[in-house]
Amino acid sequence: MQSEFAHEQAQRHLAQRNRFAALAGVLCVTSLIGIGAAVTGDEAVVLVPITAETLTVSSGGVDAHYLELVTRDTALMLLNRAPESLDYWMEQILNVADPAAHGRLKAELVAIVEEQRGSDISQAFVIRAMDVDTMALTSTVSGTLKTFVGAQVIASQERTFIFRWSKRGLSLALTGFEQNSTQEDQDQ
């Protein structure tokens, strides 16, 4: 009698062990599928709407419209400056700078700040056209650069600027910018 009872109890423990083993197997397979999907899938972030369109950034590449919006905001921030806001201006540009280019960009910006600090010279840029290259991560921005002394416009010139970007994870970072020389610049 006791052997039958012991045998029944052993069978119950064996069935319980088999159920736990099956559950562990299912959890293992589910975990492997989840890890595989996370590793191979493109990561995407939905951005706060700054336009009527929905924007996402994925690890698969940079969307041309997103590059254009980032370039627009950076160009306007970089090319519109006044002596009263130079420290904030430089800080904001360095916030979008690639860490690898941070030192070089800071040196260029400090030179501009030192030149402009204490003066009455401001500048404003009005974008006329923009071209982005998502493969090379470059943007070309054309427009009118106006220079003011006080409230008076002392210069209004058509200029083109080139912005270079790097992609780190899901964000773009500024690696450099330069004014594209025109024939008028070369004649001077």
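In this predicted model, R164 and E178 pair up in a salt bridge, with their closest N and O atoms 3.3 Å apart. The two partners come from distant parts of the chain: R164 sits in strand β5 (residues 152-168) and E178 in strand β6, 14 residues apart. Neither end is hidden from the probe, since R164 comes out as partly exposed with a relative accessible area of 28%, and E178 is likewise partly exposed at 39%.

That bridge belongs to a set of five salt bridges in the structure. Another of them joins R117 to D87, with an N to O distance of 2.8 Å between the side chains. Here too the pair ties together distant parts of the chain, with R117 in the loop between α4 and β3 (121-133) and D87 in helix α3, 30 residues apart. On the accessibility scale, R117 has a relative accessible area of 45% and so is partly exposed; D87 also comes to 45% and gets the label partly exposed. A further bridge brings the side chains of R72 and D73 together at 2.9 Å, N to O. R72 is partly exposed at 29% relative accessibility, and D73 is partly exposed at 36%.

Helix α3, home to D87, spans residues 86-95, and its buried residues are L86, W89, M90, Q92, I93 and L94. As for what sits over them, the cover includes α2 (64-79), α4 (102-116) and β6 (171-180). Strand β6 thus turns up twice, once as part of the cover over α3 and once as the strand that carries E178.

Helix α2, another part of that cover, also contains H65. With a relative accessibility of 21%, H65 counts as partly exposed; the cut-off for buried is under 20%, so H65 falls on the partly exposed side of it. Although H65 and T134 are 69 residues apart along the chain, their C-alpha atoms are separated by 9.5 Å.

Turning to the aromatic side chains, a search of the whole structure gives two aromatic pairs. In one of them, F125 and F161 have ring centres 5.5 Å apart and planes at 85°, which makes the pair edge-to-face. This is again a link between distant parts of the chain, from F125 in strand β3 to F161 in strand β5, 36 residues apart. Both rings belong to residues tucked away from the surface: F125 is buried at 4% relative accessibility, and F161 is buried at 6%. Strand β5 therefore carries a buried residue, F161, with a relative accessible area of 6%, along with the partly exposed R164 at 28%.

Strand β4 (residues 138-149) is where T147 is placed. T147 has a relative accessible area of 18%, so it counts as buried. Leaving aside residues up to four places away in sequence, T147 touches I121, S122, Q123, Q152, V153, I154 and A155.

The N-terminal part of the chain looks like another story. F20 lies in helix α1 (residues 2-40) and, at 53% relative accessibility, counts as exposed. Together with L23 and L27, F20 makes a nonpolar surface patch of about 320 Å². According to UniProt, in an unreviewed entry, residues 20-39 carry the annotation "transmembrane region". In the model, that span is 100% helix and 0% strand, and its end C-alpha atoms lie 28 Å apart.

Zooming out, the secondary structure adds up to five helices and six strands. Along the sequence, these elements run in the order α-β-β-α-α-α-β-β-β-β-α. Of the chain's 188 residues, 28% count as buried. Among contacts with a separation of 6 or more, residues 24 or more positions apart account for 47%. Finally, the accessible surface of the chain comes to about 12000 Å², with 56% of it belonging to carbon and sulfur atoms.

How values were computed
Residues numbered from 1 in each chain as written. Predicted model: local features only at pLDDT ≥ 70, side-chain atom pairs only at ≥ 80, totals over all residues. Heavy atoms only, no water. Patch = residues over 30% accessible without salt bridge, like charges linked within 9 Å, V, L, I, M, F, W, Y side chains within 5 Å. Areas by Shrake-Rupley, 256 points an atom, 1.4 Å probe, with all protein chains shown as cover. Salt bridge = Lys/Arg side-chain N within 4 Å of Asp/Glu carboxyl O. Helix = DSSP H or I, 4+ residues; strand = E, 2+ residues; numbered from the N terminus. Buried < 20%, exposed > 50% of the residue type's maximum accessible area, 1.4 Å probe, protein only. Contact = heavy atoms within 4.5 Å. UniProt positions renumbered as here; feature names shortened; annotations may be inferred. Phe/Tyr/Trp six-rings, centres within 6.5 Å; stacked < 30°, edge-to-face > 60°.
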